[in-house]
Amino acid sequence: MVPGHEVVGEVVALGEHARRFRIGIAWLRRTCGVCRACRRGRENLCRASECTGWSQDGGFAEYAVVPEAFAYVLPPQPSLATRP
Ligand SMILES: [Zn+2]
């Protein structure tokens, strides 16, 4: 298991049905979507959940795969250039 519970990266490939580019992966990586907790919007309590850096490779891995519903758009990286 590769550690790292939150991921920031560049999308290098999309799954067949993926439509959006996403570049952030949070701790909660996947849930079942059908249990009582998931249906109530409390996915963090899903007993079948998978977590980044715990049950799936984390942010220090070279590549990661995440369901589109659990990936997040991040704002552009701010410039580190100094003001003129
Ligand atoms: Zn569930």
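How many helices and strands are there in the protein? The predicted model contains 1 helix and 5 strands, and the legends below go from the whole chain to single residues.

**Figure 1. Overview of the predicted model and the order of its elements.** Read from the N terminus, the elements of the protein follow the order β-β-β-α-β-β. The protein has 84 residues, of which buried residues make up 12%. When contacts between residues at least 6 apart in sequence are considered, 54% of them join residues at least 24 apart. The mean pLDDT of the protein is 85, with 87% of its residues reaching 70 or more; among the elements, the highest mean pLDDT belongs to H1 (97) and the lowest to S5 (84).

**Figure 2. Close-up of the open sheet formed by S1, S2 and S5.** The 3 strands are arranged in the order S1-S2-S5, and their pairing is antiparallel. Strand S1 (7–8) and strand S5 (71–72) are at the edges, where each has a single partner strand, so one side of each remains without a neighbour in the sheet. Strand S2 (residues 24–25) is joined to S5 by 2 bridges, the two strands running antiparallel. Within this pairing, Ile-25 of S2 has Ala-71 in S5 as its bridge partner. In general, strands of a sheet pair through backbone hydrogen bonds, in either a parallel or an antiparallel manner.

**Figure 3. Close-up of Gly-58 in the loop between strand S4 (50–51) and S5.** Gly-58 counts as buried because it has 21 C-beta neighbours inside 10 Å, where the cut-off for a buried residue is 20 or more. If neighbours within four places in sequence are left aside, the contacts of Gly-58 are Val-2, Pro-3, Gly-4, His-5, Val-7, Thr-52 and Gly-53. Among these, Val-7 lies in strand S1 (7–8), which is one of the edge strands of Figure 2. Met-1 is 57 residues away from Gly-58 in sequence, yet the C-alpha atoms of the two residues are 7.7 Å apart in space.

**Figure 4. Close-up of Cys-46 in the loop between helix H1 (36–39) and S4.** Cys-46 has 19 C-beta neighbours inside 10 Å and therefore counts as partly exposed. Apart from residues up to four places away in sequence, Cys-46 touches Thr-31, Cys-32, Cys-35, Ala-37 and Cys-38. Of these, Ala-37 and Cys-38 fall within helix H1 (36–39). Between the C-alpha atoms of Cys-46 and Thr-31, which are 15 residues apart along the chain, the separation is 6.3 Å.

**Figure 5. Close-up of Ala-48, which is also found in the loop between H1 and S4.** Ala-48 counts as exposed because 12 C-beta neighbours lie inside 10 Å, and a residue with 12 or fewer falls in that class. With neighbours within four places in sequence left aside, Ala-48 is in contact with Thr-31, Cys-32 and Cys-35, residues that Cys-46 touches as well. The C-alpha atoms of Ala-48 and Cys-35 are separated by 8.7 Å, and these residues are 13 apart along the chain.

Note on methods
Residues numbered from 1 in each chain as written. Predicted model: local features only at pLDDT ≥ 70, side-chain atom pairs only at ≥ 80, totals over all residues. Pairing = 2+ DSSP bridges. Helix = DSSP H or I, 4+ residues; strand = E, 2+ residues; numbered from the N terminus. Contact = placed C-beta atoms within 7 Å. pLDDT = per-residue confidence, 0-100.
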